[in-house]
Number of protein chains: 2
Amino acid sequence: MNAPLLNDTFLKACLRQATDHTPIWLMRQAGRYLPEYCATRAKAGSFMGLATNVGFATEVTLQPLERYALDAAILFSDILTVPDAMGLGLSFAQGEGPRFERNIRTEQDVQGLAVPDMNRLKYVFDAVTSIRRALKGRVPLIGFSGSPWTLACYMVEGGGSEDYRAVKSLMYARPDLMQRILDINADAVALYLNEQIRAGAQAVMVFDSWGGVMADGLFQRFSLASVARVLSQLIRTHEGVTIPRIVFTKGGGQWLGDMAALDCDALGVDWTVNLGKARALVGGAVGGPGKALQGNFDPMALFAPPEQVAAEAIRVLEDFGAPHTDASTTGPTQIFNLGHGINQFTPPEHVSALVDTVHAHSRAMRKR
Amino acid sequence: MNAPLLNDTFLKACLRQATDHTPIWLMRQAGRYLPEYCATRAKAGSFMGLATNVGFATEVTLQPLERYALDAAILFSDILTVPDAMGLGLSFAQGEGPRFERNIRTEQDVQGLAVPDMNRLKYVFDAVTSIRRALKGRVPLIGFSGSPWTLACYMVEGGGSEDYRAVKSLMYARPDLMQRILDINADAVALYLNEQIRAGAQAVMVFDSWGGVMADGLFQRFSLASVARVLSQLIRTHEGVTIPRIVFTKGGGQWLGDMAALDCDALGVDWTVNLGKARALVGGAVGGPGKALQGNFDPMALFAPPEQVAAEAIRVLEDFGAPHTDASTTGPTQIFNLGHGINQFTPPEHVSALVDTVHAHSRAMRKR
């Protein structure tokens, strides 16, 4: 039996309900910019050693909550656990991005792919349960996965890429094979997120980190459609409580109108997006349907002195505009976040300025 | 005295005049994907050895025209010649991106910056004159420069960057210093492009390659405003002929509406942009004002077999839609191009499929 939730601001904002402040959490909030995270990672030996150890994963998930008044926790894990469970062999060399031991390039490779046994991801679900318990209801816990297309990028490239040459070559030359990969990925991601929900995740987020590299038309056909396939298979409630679903396409600002049709509650946007225009396009009217918007502070603005961090946070809040305050109905809401994961060199004290400013200024906006 | 122009399709399309086919040229069309380019570069010893030698620069500029029925030539040079002339020391290590010997980080560094003496860029103007003569009027010659912001990115970072941490830190912490850098860059770029025009360039293009990494609001304030400062200083005609101006912000699709206010003739767009929507937004009506649109084929689609290259080229042409055919007035026009420079591993024979398809299909579209 989990403790009752003490701060439901994030969940309410996801569902476009009025809150007394704008909730904030930060992508990659448990990460290398925190010395305490680095200390735990050193004990764990490697990133995957950290992610697969329930105790360590719980410890690092809670670390940023001790420093900052964040309104949500996010499972400490990686977006690429699903292809790892498919047998591709995920690893992270010190100071480098993810690498797969084997990649998917040929028709035979694709034919060998299958939705993995969820038992291979038990370490994730155990971490979710452990973190949820350790949170004691302080804030809700977000579960997540990479999007089918983003997983495909890494699976085909075998790691990060500057130009996505291998995955795009496969997509342009053999769209049938790309579709097969995406279908398998979508079904696997849906099973995976449902298991996270059953283990205790109170919201789920799909990271379409590389959707923005696609051509218009192909984004809709491949990435957006496969995210829709994930969403169509997700459970909507758990133990009688609605589980909000967030979709974030980095670089997807031009496609917000298309993304509005997704069966999810919130859309993440990066810093290139004008929040006022995004709100007008997809945020919905008071009492009407719409999407909550999550974002969109430039993580690099955290390198400026705290006074400028605060000024930039205020600019982002004001860009979104007047908060929805009618508790009797739904309306446009913002979940404050970065537009990308926090940078490893970020000065931790600048993050305090961001979180505190968002809380204080968003409260003040509600009193205007 | 230069030879009369035999193919003015590109210049007419820039000025939104009707043409009998959609003109095509390719960013970085003289480049490493061509074996003959690699042979000349080997003779030159280095990229800068190639760019600063009038004979070599002329030779490689004309190479792609021998292979493909391209409708324009572009000066062989680099977007970073201006900061090199400011004394920052540009070099290219084999297989790597550009590097500056010294970078601009402090207030003192910024105070030391000045618009360079154009004599230091004489090798560029000499190359323009030589190429123009060698072209013998086959196609028009495009001159170019990096945008003030894009130059600033490289000047502050000292080279390429994944996250633009240094340049964004400076921008967020000291917007006054960033403004100073951009003002100097804008004035230098304007002088530089005017000299290229006087030397024989028949159109000029500003490459805002890194405008798309900025936050909404800051793009307009810093990158767009400094491009406007360049444009305001450019000569509009040379020897009685209008010199079209093209501005390309990679990743700037969301800001096309803002860019429509620029005093230029054409806007470049990358593959994430829906050409039909872009045409509706900025392309203008027949007889009315508007911008020509340049783009937006995904360079990675050139890795698919020629039949798929052709199919994708047709998709891009059809996305833009019905050609403007009324020779008595202006109207929406497309200049076919990639959405980014051609990749060095592109199979040269696939480029033939692209160029030939664009010519054949765009002619067929005009006969519907």
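Two strands count as paired once DSSP finds at least two bridges between them. Keep that in mind for this predicted model.

**Exercise 1.** Decide how β8 and β9 of chain A pair, and place them in their sheet.

*Solution.* Start with the bridges: β8 (residues 245–249) and β9 (residues 266–268) of chain A share three, and the cut-off is at least two. The sense is parallel. For a concrete contact, take Ile246(A), whose bridge partner in β9(A) is Ala266(A). Now zoom out: the open sheet has seven strands, ordered β1-β4-β5-β8-β9-β10-β11 in chain A, with parallel pairing. At the edges stand β1 (73–74) and β11 (334–338) of chain A; each has a single partner strand, so one side of each lacks a neighbour in the sheet. Finally, look at what covers the strands: helix α11 (residues 218–232) of chain A lies across β5 (203–208) and β8, running at about 160° to β5(A).

**Exercise 2.** Describe helix α11 of chain B: its span, its bend and its packing.

*Solution.* First, the span: 16 residues (218–233) reach 23 Å from first C-alpha to last, close to the expected 22 Å. Next, the bend: a kink of about 30° is centred on Leu224(B). Leu224(B) is also one of the buried residues, which include Phe219(B), Phe222(B) and Val227(B). The buried set packs against several elements of chain B, among them α10 (175–199), β5 (203–208) and β8 (245–249).

**Exercise 3.** Work out how chain B relates to chain A.

*Solution.* Superpose chain B on chain A: that takes a rotation of 180° with 0.0 Å of shift along the axis, at RMSD 0.0 Å. The copies are therefore related as by a two-fold rotation axis. Within chain B, Gln254(B) comes closest to that axis, its C-alpha at 2.9 Å.

Terms used: Residues numbered from 1 in each chain as written. Chains lettered and ligands numbered in written order. Predicted model: local features only at pLDDT ≥ 70, side-chain atom pairs only at ≥ 80, totals over all residues. Helix = DSSP H or I, 4+ residues; strand = E, 2+ residues; numbered from the N terminus. Contact = placed C-beta atoms within 7 Å. Axes fitted to C-alpha atoms, helices over the stretch in contact; angles between N-to-C directions. Least-squares fit on C-alpha atoms with pLDDT ≥ 70 in both. Expected span 1.5 Å × (residues − 1). Bend = angle between axes of the 7 residues up to and from the residue. Buried ≥ 20, exposed ≤ 12 C-beta atoms within 10 Å, placed from the backbone.
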